[in-house]
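Hello,

Here is the structure I promised to pass on. Please have a look at it first; my notes follow below.

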Amino acid sequence: MKLLTALIVLFISNTAIANSYKYDALNVEGEYSPKELTRVEKMKLLREKLERQNEALVKKQVEQMRLQSELLLMKKIKAAFDAQLQALK
């Protein structure tokens, strides 16, 4: 009886361990074929891609705004210096 109980426990533990590992399938020729992505995984990848695109777009827009403000400030400073130069003449 103890032997039977030990064998049952051993079988259940081996089955649980074997089920905990998931492998991608190999076909008969031995070629590797990755598993297809689930809908959740596809959505996650799409969301990450869109987030990267959005972040790049925001960075580009911020850089354009910074450049425009620097150009405007440069024009104001140039006008002020030109006005002072005219006043000295």
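One spot to find first is a nonpolar patch on the surface, formed by Leu4, Ile8 and Ile12. Together these residues have about 290 Å² of accessible area. Leu4 sits in helix α1, which covers residues 2-20. Please keep in mind throughout that this is a predicted model.

On the overall picture: the protein has 2 helices and 0 strands. Of its 89 residues, 0% are buried, where buried means under 20% relative accessible area. The protein exposes about 9,200 Å², and carbon and sulfur atoms supply 65% of that area.

Next, the charged side chains. Side chains of opposite charge can pair when their charged atoms come close. How many salt bridges does the count come to? The count is 3, and I take them in turn.

Lys59 and Glu55

A salt bridge joins the side chains of Lys59 and Glu55, at 3.6 Å from N to O. The cut-off for such a pair is 4 Å, so this one is counted. Both residues belong to helix α2 (residues 39-88), where they are 4 residues apart, about one turn of the helix. Is each partner exposed or partly exposed? Lys59 is exposed, at a relative accessible area of 55%, while Glu55 is partly exposed at 45%. The labels follow because exposed means over 50%.

Glu63, Arg66 and Glu70

Glu63 pairs with Arg66 in a salt bridge whose closest N and O atoms are 2.3 Å apart. These two also lie in helix α2, 3 residues apart, which is about one turn of the helix. Glu63 counts as partly exposed, with 42% relative accessibility, and Arg66 is partly exposed as well, with a relative accessible area of 36%.

Which residue does Arg66 meet in a salt bridge at 2.4 Å, N to O? That partner is Glu70. Arg66 and Glu70 are both in helix α2, 4 residues apart, again about one turn of the helix. At 42% relative accessibility, Glu70 counts as partly exposed. Salt bridges with shared partners thus link Glu63, Arg66 and Glu70 into one network.

To find these places in the viewer, start at Leu4 in helix α1 for the nonpolar patch. Then go to helix α2 for Lys59 with Glu55, and for Arg66 with its partners Glu63 and Glu70.

Regards

Technical notes:
Residues numbered from 1 in each chain as written. Predicted model: local features only at pLDDT ≥ 70, side-chain atom pairs only at ≥ 80, totals over all residues. Heavy atoms only, no water. Patch = residues over 30% accessible without salt bridge, like charges linked within 9 Å, V, L, I, M, F, W, Y side chains within 5 Å. Areas by Shrake-Rupley, 256 points an atom, 1.4 Å probe, with all protein chains shown as cover. Buried < 20%, exposed > 50% of the residue type's maximum accessible area, 1.4 Å probe, protein only.
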